[in-house]
Amino acid sequence: NFIFKDCNMKMLFLAPVLACSLAFGADIIAKDANITLDGKMIGKIEVLTPVEVVEKGDKTSKIKVNGVVSANYLAQLQRSIEDPEVFVAFNDESEANFKKVKDLEDDYGEVWYQAEGVYEVPNDALGGDTKKLYVKAQQIYEETCSACHRLHEPNSFTAAQWPANLAGMVDAKFVALDETDLNLVLKYLQHNAKKVK
C-alpha cells in the first residue's frame with residue numbers, strides 16, 4: 001500500500017507506470033479474481049487493488065496485499081481505517097486468511113489489525129494499466145448512471161458513502177453490471193471521493 005502510493009507520486013512527476021512497477025515490484029489488479037492460500041480458494045481480490053508481486057509463475061503468481069481488517073468483521077481487508085475501499089473479500093471470517101502486523105484502534109475505540117496477506121492469483125489478473133482502467137470506469141459510470149438521473153460528481157460523496165449509493169441502484173435493478181465493472185466504477189468513485197475532514 002505504502003509502496004504503491006509512493007510509486008504513484010513518482011509516476012506523476014518522474015516516470016511512467018511501467019518503470020515504477022518494475023522498480024518496486026508493485027502492480028495493480030486488472031480484474032476481480034479468486035485468490036488462493038495454501039491451495040485453498042479463500043476469497044476474491046478486487047480490481048485496482050495495489051499489490052506487490054512476490055513470485056511470478058507460469059499460470060499464477062504470489063502477491064502480497066497490505067491493508068487493515070476490523071477485529072469485529074474479519075471478512076474483508078480494506079485500504080485503511082479511514083478509507084473503506086475493499087481490497088480482498090474473504091469467503092469466511094478467519095484470522096487464518098491474513099497475517100496480523102500490529103493492532104490499531106480507531107477514533108471510537110474499535111480494534112483493527114494492520115494486516116498483510118500473500119496469496120496466489122491468476123496471471124491474467126495482474127498488470128492493470130491504472131490510467132486505462134480509470135478511463136473505462138469513468139465511461140461506464142457516465143453512460144450507465146446518466147441514463148436515469150443527473151450524474152453526481154465523484155466528490156459528491158465520501159469513499160464510505162459510495163458503496164451504499166451504488167448498491168441501492170443495483171438492488172433497485174437500475175444498474176446491471178458484471179462484478180468487475182461494478183467494482184471498477186466503485187473504485188473510481190472512491191478514489192475521487194470527497195475527503196473526510
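These exercises walk through a predicted model of one protein chain.

Residues are numbered from 1 along each chain as its sequence is written. Local features need pLDDT of at least 70, side-chain atom pairs count only at pLDDT 80 or more, totals for chains, interfaces and linings use all residues, and side-chain values use heavy atoms, with hydrogens and water left out.

**Exercise 1. Find the overall layout of the chain.**

Step 1. Count the elements. There are 5 helices and 9 strands. Helices (H or I, at least four residues) and strands (E, at least two) are DSSP runs, numbered from the N terminus.

Step 2. Read along the sequence. The pattern is α-α-β-β-β-β-β-β-β-β-β-α-α-α.

Step 3. Check burial. Of 197 residues, 39% count as buried. Buried means under 20% relative accessible area, exposed over 50%, partly exposed in between (1.4 Å probe, protein chains only).

**Exercise 2. Locate the largest nonpolar core and trace what builds it.**

Step 1. Fix the term. A nonpolar core is a set of buried Ala, Val, Leu, Ile, Met, Phe, Trp, Tyr and Cys residues joined through side-chain atoms within 4.5 Å.

Step 2. Find its centre of contacts. The largest core has 21 residues, and Ile45, Val65, Leu77, Val88, Phe98 and Tyr119 have the most contacts inside it.

Step 3. Name the suppliers. Strands E2 (33-37), E3 (40-45), E5 (60-70), E6 (73-78), E7 (86-90) and E9 (111-122) each give at least two residues. The largest share, 4 residues, comes from E9.

Step 4. Look around Tyr119. Beyond its neighbours within four places in sequence, its contacts (heavy atoms within 4.5 Å) include Ile35, Val65, Val88 and Phe98.

Step 5. Look elsewhere. Apart from this core lies another, of 17 residues, with Ile28, Leu48, Cys145 and Ala159 among them.

**Exercise 3. Which face of helix H3 is buried?**

Step 1. Take the helix. H3 (residues 130-145) has 16 residues and reaches 22 Å from its first C-alpha to its last, close to the 22 Å expected at 1.5 Å a residue. That expected span is 1.5 Å times one less than the number of residues.

Step 2. List the buried residues: Thr130, Leu133, Ala137, Ile140, Tyr141 and Cys145.

Step 3. View H3 down its axis. The buried residues fall within an arc of 100°, so they line one face. The arc is that of the directions from the helix axis to the C-beta atoms.

Step 4. Turn to the other side. There Lys131, Lys132, Val135 and Glu143 are exposed.

**Exercise 4. Is Asp181 buried or exposed?**

Step 1. Place Asp181. It sits in helix H5 (residues 179-191).

Step 2. Apply the cut-off. Asp181 has 15% relative accessibility, so it counts as buried.

Step 3. Find its partners. Outside its neighbours within four places in sequence, Asp181 contacts Lys136 and Ile140.
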